[in-house]
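Me: I'd like to go through this model with you, one question at a time. Can you keep it casual and show how you get to each answer?

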Amino acid sequence: MKRELEEYFPQVFGKYYYDGDNEVIKQICSKIIDEIQPGHPEWNSNVAEENLHHYFNISNSNLLRYDDRFKDFEKFLLDAATDYFTDVLEYELNGSNLLITDCWLNHCSKEHCWQIKHNHNNCIIVGTYFVDFDPKIHSPLDFYRVPQKEGHPVIQQMRSPRIANEGNKYTKEVHQTKPQEGCLFIWSAETVHGYEGVFNLWKGRTTISMNFIPEILDNGKYAFRVVPLQHVDAEQLNKRKELDSQQ
(Lines give C-alpha, C1' and ligand atoms only; values in the text may rest on other atoms or scores of the structure.)
Protein backbone atom coordinates (compact mmCIF):
# COMPACT_ATOMS: atom_id res chain seq x y z
CA MET A 1 0.00 0.00 0.00
CA LYS A 2 1.09 3.58 -0.51
CA ARG A 3 2.07 5.48 2.63
CA GLU A 4 3.32 9.00 3.28
CA LEU A 5 4.59 10.34 6.62
CA GLU A 6 4.54 14.04 7.36
CA GLU A 7 6.57 15.11 10.38
CA TYR A 8 5.43 17.85 12.73
CA PHE A 9 6.66 19.53 15.92
CA PRO A 10 10.15 17.96 15.97
CA GLN A 11 12.65 18.75 18.74
CA VAL A 12 16.19 19.82 17.95
CA PHE A 13 19.33 20.58 19.94
CA GLY A 14 22.53 22.16 18.66
CA LYS A 15 26.06 20.74 18.94
CA TYR A 16 28.85 23.31 18.78
CA TYR A 17 32.57 22.55 18.98
CA TYR A 18 34.94 24.84 20.87
CA ASP A 19 37.90 25.83 18.71
CA GLY A 20 39.86 27.11 21.70
CA ASP A 21 41.98 25.06 24.10
CA ASN A 22 39.78 22.73 26.17
CA GLU A 23 42.83 21.80 28.27
CA VAL A 24 42.88 25.35 29.66
CA ILE A 25 39.19 25.06 30.57
CA LYS A 26 39.90 21.69 32.17
CA GLN A 27 42.79 23.15 34.22
CA ILE A 28 40.62 25.98 35.55
CA CYS A 29 37.83 23.57 36.45
CA SER A 30 40.26 21.19 38.20
CA LYS A 31 41.57 24.11 40.25
CA ILE A 32 38.03 25.03 41.29
CA ILE A 33 37.22 21.44 42.28
CA ASP A 34 40.42 21.22 44.35
CA GLU A 35 40.09 24.60 46.07
CA ILE A 36 36.34 24.94 46.65
CA GLN A 37 35.30 22.35 49.20
CA PRO A 38 32.09 21.58 51.16
CA GLY A 39 31.18 24.55 53.35
CA HIS A 40 32.36 27.10 50.79
CA PRO A 41 29.51 29.43 49.70
CA GLU A 42 30.10 28.54 46.04
CA TRP A 43 29.80 24.76 46.63
CA ASN A 44 26.70 22.63 46.94
CA SER A 45 25.65 19.05 46.28
CA ASN A 46 22.75 18.08 44.05
CA VAL A 47 19.34 17.85 45.75
CA ALA A 48 18.91 14.24 44.60
CA GLU A 49 22.49 12.94 44.26
CA GLU A 50 25.03 13.80 46.94
CA ASN A 51 27.97 12.76 44.74
CA LEU A 52 27.07 15.31 42.07
CA HIS A 53 28.67 18.60 43.11
CA HIS A 54 27.90 22.07 41.76
CA TYR A 55 30.09 25.17 41.88
CA PHE A 56 28.86 28.79 41.42
CA ASN A 57 25.30 27.47 41.24
CA ILE A 58 23.57 30.07 43.41
CA SER A 59 21.79 33.35 42.70
CA ASN A 60 23.99 36.23 41.56
CA SER A 61 26.97 33.96 40.94
CA ASN A 62 28.74 33.13 37.69
CA LEU A 63 31.56 30.68 36.99
CA LEU A 64 32.82 32.82 34.10
CA ARG A 65 33.82 35.60 36.52
CA TYR A 66 36.24 33.27 38.33
CA ASP A 67 39.15 33.44 35.86
CA ASP A 68 40.03 35.89 33.06
CA ARG A 69 41.00 32.93 30.86
CA PHE A 70 37.28 32.23 30.46
CA LYS A 71 36.88 35.31 28.21
CA ASP A 72 37.46 33.48 24.92
CA PHE A 73 35.28 30.60 26.11
CA GLU A 74 32.49 33.01 27.07
CA LYS A 75 32.58 34.53 23.57
CA PHE A 76 32.25 31.04 22.11
CA LEU A 77 29.22 30.32 24.31
CA LEU A 78 27.49 33.55 23.25
CA ASP A 79 28.30 33.08 19.55
CA ALA A 80 26.96 29.51 19.60
CA ALA A 81 23.84 30.44 21.55
CA THR A 82 23.12 33.36 19.23
CA ASP A 83 23.37 31.08 16.20
CA TYR A 84 21.00 28.53 17.76
CA PHE A 85 18.58 31.21 18.97
CA THR A 86 18.34 33.15 15.70
CA ASP A 87 19.20 30.67 12.93
CA VAL A 88 17.78 27.40 14.32
CA LEU A 89 14.85 28.56 16.45
CA GLU A 90 14.40 31.73 14.34
CA TYR A 91 13.82 34.11 17.24
CA GLU A 92 14.43 37.83 16.74
CA LEU A 93 16.98 39.63 18.90
CA ASN A 94 15.78 43.05 17.74
CA GLY A 95 19.21 44.61 17.99
CA SER A 96 19.93 43.30 21.49
CA ASN A 97 22.23 40.48 22.62
CA LEU A 98 21.86 37.24 24.50
CA LEU A 99 22.87 37.24 28.16
CA ILE A 100 24.35 34.39 30.15
CA THR A 101 22.29 34.79 33.32
CA ASP A 102 23.83 31.82 35.12
CA CYS A 103 26.89 29.64 34.53
CA TRP A 104 28.05 26.87 36.85
CA LEU A 105 30.29 23.80 37.07
CA ASN A 106 29.08 20.22 37.61
CA HIS A 107 31.36 17.39 38.79
CA CYS A 108 30.72 13.71 39.56
CA SER A 109 32.93 12.83 42.54
CA LYS A 110 32.17 9.09 42.39
CA GLU A 111 31.09 6.45 39.88
CA HIS A 112 27.39 5.76 39.24
CA CYS A 113 26.63 9.44 39.82
CA TRP A 114 23.39 10.58 38.18
CA GLN A 115 21.28 13.66 37.48
CA ILE A 116 17.56 13.78 38.15
CA LYS A 117 15.19 14.56 35.25
CA HIS A 118 14.64 18.32 35.18
CA ASN A 119 14.36 21.39 33.01
CA HIS A 120 15.43 25.02 33.50
CA ASN A 121 13.40 28.12 34.26
CA ASN A 122 14.05 31.87 34.04
CA CYS A 123 15.64 31.41 30.61
CA ILE A 124 14.76 30.52 27.01
CA ILE A 125 17.66 28.29 25.97
CA VAL A 126 20.12 26.16 27.95
CA GLY A 127 23.63 24.91 27.30
CA THR A 128 25.96 22.23 28.65
CA TYR A 129 29.65 22.09 27.73
CA PHE A 130 31.56 18.83 28.24
CA VAL A 131 34.87 19.62 29.94
CA ASP A 132 36.04 16.20 31.13
CA PHE A 133 34.16 13.39 29.43
CA ASP A 134 35.05 9.87 28.29
CA PRO A 135 32.22 8.18 26.36
CA LYS A 136 33.50 4.75 27.44
CA ILE A 137 33.01 5.41 31.16
CA HIS A 138 30.81 8.49 31.54
CA SER A 139 27.06 8.73 31.14
CA PRO A 140 25.74 10.66 28.12
CA LEU A 141 23.05 13.29 28.45
CA ASP A 142 19.48 12.08 27.93
CA PHE A 143 16.50 14.05 26.65
CA TYR A 144 13.05 12.78 27.68
CA ARG A 145 9.70 12.88 25.98
CA VAL A 146 7.11 14.51 28.25
CA PRO A 147 3.59 13.11 27.73
CA GLN A 148 1.05 15.70 26.65
CA LYS A 149 -1.40 16.60 29.39
CA GLU A 150 -4.92 15.51 28.57
CA GLY A 151 -8.00 17.45 29.62
CA HIS A 152 -10.27 14.46 29.10
CA PRO A 153 -10.18 10.65 29.58
CA VAL A 154 -8.29 8.68 26.94
CA ILE A 155 -8.08 5.02 25.96
CA GLN A 156 -4.54 3.62 26.17
CA GLN A 157 -3.01 0.61 24.47
CA MET A 158 0.15 -1.23 25.46
CA ARG A 159 3.16 -0.48 23.31
CA SER A 160 6.18 -2.63 22.58
CA PRO A 161 8.51 -2.58 25.64
CA ARG A 162 11.45 -1.71 23.40
CA ILE A 163 10.19 1.81 22.65
CA ALA A 164 11.53 3.33 25.87
CA ASN A 165 15.06 3.49 24.46
CA GLU A 166 14.96 1.82 21.05
CA GLY A 167 11.76 3.04 19.42
CA ASN A 168 11.74 5.20 16.34
CA LYS A 169 11.81 9.00 16.56
CA TYR A 170 8.02 9.11 16.77
CA THR A 171 7.67 6.70 19.70
CA LYS A 172 10.83 6.52 21.81
CA GLU A 173 10.68 8.08 25.25
CA VAL A 174 14.40 8.80 25.67
CA HIS A 175 16.91 10.32 23.25
CA GLN A 176 20.45 9.43 24.32
CA THR A 177 23.06 11.86 23.01
CA LYS A 178 26.70 11.26 22.13
CA PRO A 179 28.79 13.93 23.90
CA GLN A 180 32.52 14.43 23.58
CA GLU A 181 35.04 16.71 25.25
CA GLY A 182 35.02 20.24 23.91
CA CYS A 183 31.42 20.03 22.68
CA LEU A 184 28.59 22.36 23.68
CA PHE A 185 24.95 21.22 23.55
CA ILE A 186 22.23 23.89 23.38
CA TRP A 187 18.48 23.25 23.64
CA SER A 188 15.16 24.87 24.56
CA ALA A 189 14.76 25.47 28.29
CA GLU A 190 11.50 23.53 28.65
CA THR A 191 13.16 20.27 27.53
CA VAL A 192 13.45 17.64 30.28
CA HIS A 193 16.93 16.14 30.56
CA GLY A 194 19.25 14.23 32.90
CA TYR A 195 21.36 11.07 32.96
CA GLU A 196 21.48 7.68 34.69
CA GLY A 197 24.22 6.56 37.03
CA VAL A 198 24.15 3.02 35.69
CA PHE A 199 26.02 4.30 32.63
CA ASN A 200 28.43 6.48 34.63
CA LEU A 201 31.07 3.86 35.37
CA TRP A 202 33.76 6.16 36.81
CA LYS A 203 34.16 9.47 38.61
CA GLY A 204 35.33 12.69 36.95
CA ARG A 205 32.47 13.54 34.59
CA THR A 206 32.73 17.36 34.47
CA THR A 207 30.48 19.79 32.62
CA ILE A 208 29.71 23.50 32.55
CA SER A 209 26.05 24.50 32.31
CA MET A 210 24.56 27.89 31.53
CA ASN A 211 21.27 29.69 30.89
CA PHE A 212 20.62 32.27 28.17
CA ILE A 213 18.00 34.98 27.76
CA PRO A 214 17.79 38.01 25.44
CA GLU A 215 18.76 41.36 26.94
CA ILE A 216 15.47 42.70 25.56
CA LEU A 217 12.45 40.43 25.70
CA ASP A 218 9.94 41.52 23.08
CA ASN A 219 6.95 39.51 21.84
CA GLY A 220 5.91 42.23 19.39
CA LYS A 221 3.47 43.85 21.81
CA TYR A 222 5.16 43.89 25.22
CA ALA A 223 8.86 44.38 25.87
CA PHE A 224 11.22 44.79 28.80
CA ARG A 225 14.96 44.80 29.45
CA VAL A 226 16.75 42.16 31.56
CA VAL A 227 19.64 43.25 33.79
CA PRO A 228 21.47 40.37 35.55
CA LEU A 229 22.29 41.09 39.18
CA GLN A 230 26.03 40.71 38.62
CA HIS A 231 25.80 43.65 36.18
CA VAL A 232 24.30 45.94 38.81
CA ASP A 233 26.92 47.80 40.82
CA ALA A 234 27.26 47.47 44.57
CA GLU A 235 25.82 50.93 45.25
CA GLN A 236 22.58 50.10 43.45
CA LEU A 237 22.32 46.78 45.30
CA ASN A 238 22.78 48.52 48.65
CA LYS A 239 20.05 51.04 47.79
CA ARG A 240 17.70 48.21 46.91
CA LYS A 241 18.46 46.44 50.20
CA GLU A 242 17.73 49.65 52.12
CA LEU A 243 14.39 50.08 50.36
CA ASP A 244 13.48 46.43 50.98
CA SER A 245 14.29 46.73 54.69
CA GLN A 246 12.06 49.82 55.00
CA GLN A 247 9.05 48.12 53.45
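Me: Which residue stands opposite phenylalanine 143 in β8?
Reply: Quick caveat up front: this is a predicted model, where local features need pLDDT of at least 70, side-chain atom pairs count only at pLDDT 80 or more, and totals for chains, interfaces and linings use all residues. Residues are numbered from 1 along each chain as its sequence is written, and side-chain values use heavy atoms, with hydrogens and water left out. Strand β7 (residues 142–144) pairs with β8 in the antiparallel sense over three bridges; strands are DSSP runs of E, at least two residues, numbered from the N terminus, and two of them pair if DSSP finds at least two bridges between them. Opposite phenylalanine 143, in β8, stands histidine 175.

Me: Which are the edge strands of the sheet that holds β7 and β8?
Reply: That sheet is open and has four strands, antiparallel in their pairing, in the order β5-β10-β7-β8. An edge strand pairs on one side only, and here those are β5 (115–118) and β8 (174–176).

Me: How many disulfides does a search of the whole structure find?
Reply: A disulfide is a covalent bond between the sulfur atoms of two cysteines, and the cut-off used here is a sulfur pair within 2.5 Å. For cysteine 29 the closest cysteine sulfur belongs to cysteine 103, and at 8.9 Å that is too far for a bond. Over the whole structure, the search comes back with zero.

Me: Is cysteine 103 buried or exposed?
Reply: Cysteine 103 lies in strand β4, and its contacts (heavy atoms within 4.5 Å), leaving aside neighbours within four places in sequence, include Phe56, Leu63 and Met210. Its relative accessible area is 0%, and the cut-offs are under 20% for buried, over 50% for exposed and partly exposed in between, with a 1.4 Å probe and protein chains only. So cysteine 103 is buried.

Me: How far apart are the C-alpha atoms of cysteine 103 and phenylalanine 56?
Reply: Along the chain these two are 47 residues apart. Phe56 is also one of the contacts of cysteine 103. Their C-alpha atoms are separated by 7.2 Å.

Me: What is the relative accessible area of serine 96?
Reply: Serine 96 is found in the loop between α2 (71–88) and β4 (98–108). Leaving aside neighbours within four places in sequence, serine 96 is in contact with Glu215 and Ile216. A polar atom of its side chain also lies 2.8 Å from the backbone oxygen of leucine 93. Serine 96 counts as buried, at 7%.

Key
A polar contact is a pair of N or O atoms within 3.5 Å; within protein, one must be able to donate a hydrogen and the other to accept it, and residues adjacent in sequence count only if both atoms are side-chain atoms.
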